[in-house]
Amino acid sequence: MTKLRLAIVGAGPAGIYAADILLRAERSFDVSIDLFDHLPAPYGLVRYGVAPDHPRIKGIITALRDVLDRGDIRVFGNVRFGTDLTLDDLKKHYNAVIFATGAVRDADLNIPGIDAEGSYGAADFVSWYDGHPDYPREWPLEAKEVAVIGNGNVALDVARILAKHADDLLPTEIPANVYAGLKASPVTDVHVFGRRGPTSVKFTPLELRELGELRDVDMILYDEDFDYDEHARASIAGNKQIMVIDRVLQSWRQRETGEASRRLHLHFYAKPAEVVTDASGRVCALRYERTRPDGQGGVVGTGKFRETPVEAVYRAVGYFGSPLPGVPFDEKHGVIPNHEGQVINPDNNEQVYGVYATGWIKRGPVGLIGHTKSDAMETISHLINDVGNWWTPEAPQEDAIVELLEARGIRYTDLDGWHALDAHEIALGEPEGRARIKVVDRDEMVDISRGDTVATN
Ligand SMILES: Cc1cc2nc3c(=O)[nH]c(=O)nc-3n(C[C@H](O)[C@H](O)[C@H](O)COP(=O)(O)OP(=O)(O)OC[C@H]3O[C@@H](n4cnc5c(N)ncnc54)[C@H](O)[C@@H]3O)c2cc1C
């Protein structure tokens, strides 16, 4: 019987679902899977993207953990593809590889001033508040008035975390430095800007509704944004999600405001044009063009520009994938070029045998965690059918990869190590009545996972 030695790079939901689906699939061969991640902890953006005050979504980790705990997938944390391991290494030890490396960077927004001091990418801020080990521990929360550009769920996450009182985040798993940073924030006004109207937003009703429940935060809407045209009215009548969004927004318009110490403003028909800076080069305002509906669901500029004074700007205009050494990459879309998960060479559109992709690096950074499951099914079905076209590794023995990592001095972590770190974080939270407190320092994470002397910092 043929045996498939499979490497999966990326232990986020896409990589874990792919492993699970393959192990459960009907097939005529044995499988042994090694799952690599450059972080010492698994779960990708579920741990390092999903907001800490969304415990229900974070709870998906329990299902992912159940898959790993079954014991039929070997986990190698703290191993980065591209530096610690190359494609040639994988070819030597495996029959195939699936890349499930997701996306962690901010997409660009090309407007003047976007690189000014005080202008940030949402992905960087998310990585900070979710305790990603590769991001600075300090975040400059010095602004009273802040702009958030974007009308998707990430923009709402960023606006909510900025506007929320830090004490209301204490029951979550936020690291101690994040609590301290948010607690000291002088923020009073968070302005969210979207270039379309209220019936064309990309956020979901549940996320929107949450904003209205924030303690001591007034929701501020502007009457001029609610002069709906026929297309907007038809959208409300014909789409339940838009109907609910409209209902939530209308209910906020009726609310009394003025008592709260913080305000969250939603500006629609506002297309960012420039991050305005002062003489020292620091952000001092967001300049935007007022738009109007074009009658077909889009918007056109009106040529009228306005400025809102702010001291910080966060752009939440999407994530973007990163290239992997030796693997084809589509620079325009930030994905690995592929046909239903089979990686293709963009020069001749031919399949690159043995190489597959799944999740956000396959499809682009849109969609919920659940979508990575259907992604994985498609990729796995091709992997199974391609049985005759896999690589023929020279050293497929399971020990060989361990020997290679050890020879290179890589301090890899394994599943037992993750259990140790997980238990450590839970124990840290216990005395304070919190579910867990995340360990943020990479060396400390690795030390705890490997049972080495814990570094103090
Ligand atoms: C801010 C934010 C909030 C979100 N909130 C929600 C939500 O509330 N609900 C919801 O359903 N979805 C949410 N999502 C979407 C969800 O996170 C994604 O759908 C999902 O995580 C994509 O899974 P993935 O496995 O493709 O990528 P990822 O989750 O990004 O996992 C990729 C993994 O690959 C690893 N990796 C990357 N490069 C390398 C390398 N070179 N070597 C080794 N390993 C590598 C990374 O460390 C990571 O662990 C949110 C996304 C973001 C950005």
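This passage looks at the pairing of strand 1 and at the two sides of helix 10. The structure is a predicted model, in which local features need pLDDT of at least 70 and side-chain atom pairs count only at pLDDT 80 or more, while totals for chains, interfaces and linings use all residues. Residues are numbered from 1 along each chain as its sequence is written, and side-chain values use heavy atoms, with hydrogens and water left out.

A good place to start is strand 1, which spans residues 3-9 (helices, H or I with at least four residues, and strands, E with at least two, are DSSP runs numbered from the N terminus). Of its 7 residues, 6 are buried (under 20% relative accessible area with a 1.4 Å probe, protein chains only; exposed means over 50%, and partly exposed lies in between). Strand 1 pairs with strand 2 (residues 30-36) in the parallel sense over 7 bridges, where pairing requires at least two DSSP bridges between the strands. Here Val 9 has Phe 36 of strand 2 as its bridge partner. Strand 4 (residues 96-99) also runs parallel to strand 1 and is joined to it by 4 bridges; Ala 7 is partnered there by Val 97.

Helix 1 (residues 13-24) joins strands 1 and 2 in a right-handed β-α-β unit: with the strands pointing away from the viewer, the path from the first strand over the helix to the second runs clockwise.

Turning to helix 10 (residues 230-238), Ala 232, Ser 235 and Ile 236 are buried. These residues lie on the same side of helix 10 because they cover an arc of only 95° around the axis, taken from the directions from the helix axis to the C-beta atoms. Glu 230, Ala 237 and Gly 238 are exposed on the other side. The buried residues of helix 10 pack against helix 11 (240-253), with contact meaning heavy atoms within 4.5 Å.
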